[in-house]
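Work through the following exercises with the sequence and the coordinates open side by side. Each task is followed by a solution in steps.

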Amino acid sequence: MNLEEYYQKARQKQAEHKAFLAKLKKKPPKNLDQQMQNIHDEVFDRIDCLSCANCCKTTGPLFTQKDIERLAKVFRMKPSLFIEKYLRIDEDNDYVLQQLPCPFLDSENYCLVYEDRPKACKEYPHTDRKKFHQINHLTLKNNLICPATYEVVEQMMKEMKV
């Protein structure tokens with residue numbers, strides 16, 4: 001997959017996707033969660049995150065206190081040392097990575113802390129989330145980062161009458 005081509009396609013469709021998601025937010029179908037789960041599963045059966053890992057290369061997750069404690073334990077260090085070594089506080093006062101790409105991503109796009117990864121990583125790109133219509137802003141943003149999110153929105157536009 002060529003990420004540059006995907007990004008250009010996603011930028012071109014951004015206004016169309018934004019309009020569709022706005023309509024969806026105003027009048028979500030009754031069975032939206034089930035439809036989203038089906039579309040999410042279908043797209044992720046086709047797309048291999050390991051071939052891309054753009055999210056890990058360009059977007060840092062938010063780290064909760066539980067994430068910090070769990071990962072500090074994995075590295076056998078105190079949470080304060082984990083924070084000092086890997087994290088910083090962003091403009092929203094949240095813990096995020098000091099630098100990108102993620103230091104836990106290896107050269108073959110495998111996550112070195114996959115089993116213990118932050119909650120934000122586990123949930124990304126949030127396309128199987130309940131009440132999906134409430135996170136339009138996030139979906140639009142992720143659309144430019146994650147080819148799977150782009151494909152999910154494209155599939156939604158084909159399948160859903162909004």
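Two rings of Phe, Tyr or Trp are taken as a pair if their centres lie within 6.5 Å. The model examined here is a predicted one.

**Exercise 1. Aromatic pairs**

Task: Determine how many aromatic pairs there are, and classify the pair of Tyr-6 and Tyr-150 by its geometry.

Solution: By the rule on ring centres, the count comes to eight aromatic pairs. For Tyr-6 and Tyr-150, the ring centres are 6.0 Å apart and the planes stand at 80°, so this pair is edge-to-face. The next step is to place the two residues: Tyr-6 belongs to helix H1 (residues 3-26) and Tyr-150 to helix H8 (residues 147-159), so that parts of the chain 144 residues apart are linked. As to accessibility, Tyr-6 is buried at a relative accessible area of 6%, and Tyr-150 is buried at 4%.

**Exercise 2. A tilted pair and its cluster**

Task: Classify the pair of Phe-75 and Tyr-86, and find which residues ring pairs link into a cluster.

Solution: The ring centres of Phe-75 and Tyr-86 lie 5.8 Å apart with the planes at 35°, and the pair is therefore tilted, since stacked would require planes under 30 degrees apart and edge-to-face over 60. Phe-75 sits in the loop between helix H4 (65-74) and helix H5 (79-86), whereas Tyr-86 is in helix H5, so the pair ties together parts eleven residues apart in sequence. Phe-75 is partly exposed, with a relative accessible area of 30%, while Tyr-86 is buried at 14%. Following the ring pairs onward gives a cluster made up of Phe-63, Phe-75, Phe-82, Tyr-86 and Phe-104.

**Exercise 3. Salt bridges**

Task: State how many salt bridges a search of the whole structure finds, and locate the partners of the bridges made by Lys-13, Arg-46 and Arg-70.

Solution: The search finds five salt bridges. Lys-13 meets Glu-154 at 3.1 Å, N to O, and this pair links helix H1, which holds Lys-13, with helix H8, which holds Glu-154, across 141 residues. Here Glu-154 is buried at 13% relative accessible area, but Lys-13 is partly exposed at 23%.

Arg-46 pairs with Glu-151, their closest N and O atoms being 3.5 Å apart; because Arg-46 lies in helix H2 (residues 32-46) and Glu-151 in helix H8, the bridge ties together parts 105 residues apart in sequence.

Arg-70 pairs with Asp-67, at 2.6 Å between the closest N and O atoms. These two residues are three apart in helix H4, which means a separation of about one helical turn. Asp-67 is buried at 2% relative accessibility, and Arg-70 is partly exposed at 25%. As a last step, salt bridges with shared partners join Glu-42, Arg-46 and Glu-151 into one network.

Key
Residues numbered from 1 in each chain as written. Predicted model: local features only at pLDDT ≥ 70, side-chain atom pairs only at ≥ 80, totals over all residues. Heavy atoms only, no water. Helix = DSSP H or I, 4+ residues; strand = E, 2+ residues; numbered from the N terminus. Buried < 20%, exposed > 50% of the residue type's maximum accessible area, 1.4 Å probe, protein only. Salt bridge = Lys/Arg side-chain N within 4 Å of Asp/Glu carboxyl O.
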